[in-house]
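Work through the exercises below with the structure in view. Each task is followed by a solution in steps.

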Amino acid sequence: MNEKELVKNLKDMFEDAKYSELSKIYVHTNLATRKFHELWKEWWKGSIPLKLEVDMILIFIESQKQNVFMPAIEVKYFKETSRRDFREGLQQALSFSLFGFDSLVLWHIFPDQTEKTDIDGIVKPIKELIDFLNLPLVYFATRIKENKFEFLAPWEWGSSVDVLPYQFLGYLKNECKKKLNPMVDNEEVQKRRKILKVLLKIPI
């Protein structure tokens, strides 16, 4: 299974979980579409933002606020770790801030058989970098086993604790609420957010 296939599998798992506040899941969303550029040129002047593809966008409905909560997720799948860089996905995830997502998520995923020492070589330095520099980024690291997850970051509960997709969505939303995109209130970023919501057909 490659990374794109994994992301599609995650989408299926999360949809099957029927998390009540989760309204929609988008995967492999290309922000460099012709439509995005056309809307930008029609509505506003100025430079067009960077070209990016978002692995996963979660749309949570906030009924009391009549609004949506939109985290953007960059997924990196480490089928093997020997020639991989612990910083993978960091630049991409931070770039999502330009488009008005409410929270930015970097998610490193490892196969179930990956040795803990190999995982530590990826997880420990990136978590330390994010924590000590106080980057506006939610970091998750998990081992995946069938339709369950073993947390490695931000918490490590041990191999005896398996988290179901429904529980994972709850943890993810809570962590995203704690660490919001600091650029989301910027005027230019708000314009991009409006375009993004039009393209995703989000009415609120």
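Read along the sequence, the pattern of the protein is α-β-α-β-β-β-α-β-α-β-β-α-α, which comes to 6 helices and 7 strands. Helices (H or I, at least four residues) and strands (E, at least two) are DSSP runs, numbered from the N terminus. The model is predicted: local features need pLDDT of at least 70, side-chain atom pairs count only at pLDDT 80 or more, and totals for chains, interfaces and linings use all residues. Residues are numbered from 1 along each chain as its sequence is written, and side-chain values use heavy atoms, with hydrogens and water left out.

**Exercise 1. Describe the cover and the neighbours of strand β6.**

Step 1. Strand β6 spans residues 138-145, and 8 of its 8 residues are buried (under 20% relative accessible area; exposed is over 50%, partly exposed in between; 1.4 Å probe, protein chains only).

Step 2. In a regular strand the side chains alternate between the two faces of the sheet. Val138, Phe140, Thr142 and Ile144 point one way from β6, while Tyr139, Ala141, Arg143 and Lys145 point the other way.

Step 3. Find the parallel partner. Strand β5 (residues 103-111) pairs with β6 in the parallel sense over 7 bridges; two strands pair if DSSP finds at least two bridges between them. Tyr139 in β6 is the bridge partner of Leu106.

Step 4. Find the antiparallel partner. Strand β7 (residues 148-153) runs antiparallel to β6 and is joined to it by 5 bridges. Here Phe149 of β7 stands opposite Ile144. The two strands form a hairpin with 2 residues between them, and Glu146 in the turn has a positive phi of about 55°.

**Exercise 2. Which aromatic rings pair, and which parts of the chain do the pairs Tyr19–Tyr166 and Trp107–Phe168 tie together?**

Step 1. Count the pairs: the structure holds 14 aromatic pairs. Rings of Phe, Tyr and Trp (its six-membered ring) pair if their centres lie within 6.5 Å; planes under 30 degrees apart count as stacked, over 60 as edge-to-face and the rest as tilted.

Step 2. Take Tyr19 and Tyr166. Their ring centres are 5.0 Å apart and their planes stand at 55°, so this pair is tilted. Tyr19 lies in the loop between α1 (3-17) and β1 (22-30) and Tyr166 in helix α5 (residues 165-178), so the pair ties together parts 147 residues apart in sequence. Tyr19 is buried at a relative accessible area of 13%, whereas Tyr166 is partly exposed at 41%.

Step 3. Take Trp107 and Phe168. With centres 4.6 Å apart and planes at 20°, the pair is stacked. Trp107 belongs to strand β5 and Phe168 to helix α5, so parts 61 residues apart in sequence are tied together. Both residues are buried.

Step 4. Place the second pair in its group. Trp107 and Phe168 belong to one aromatic cluster, formed with Phe14, Phe140, Phe149, Phe151 and Tyr171.

**Exercise 3. Is Val105 buried or exposed, and which residues is Val105 in contact with?**

Step 1. Val105 lies in strand β5 and is buried, with a relative accessible area of 0%.

Step 2. Leave aside neighbours within four places in sequence. The contacts of Val105 (heavy atoms within 4.5 Å) then include Pro71, Ala72, Ile73, Glu74, Leu137, Val138 and Phe140.

Step 3. Check one of them by backbone distance. The C-alpha atoms of Val105 and Glu74 are separated by 6.1 Å, although the residues are 31 apart along the chain.
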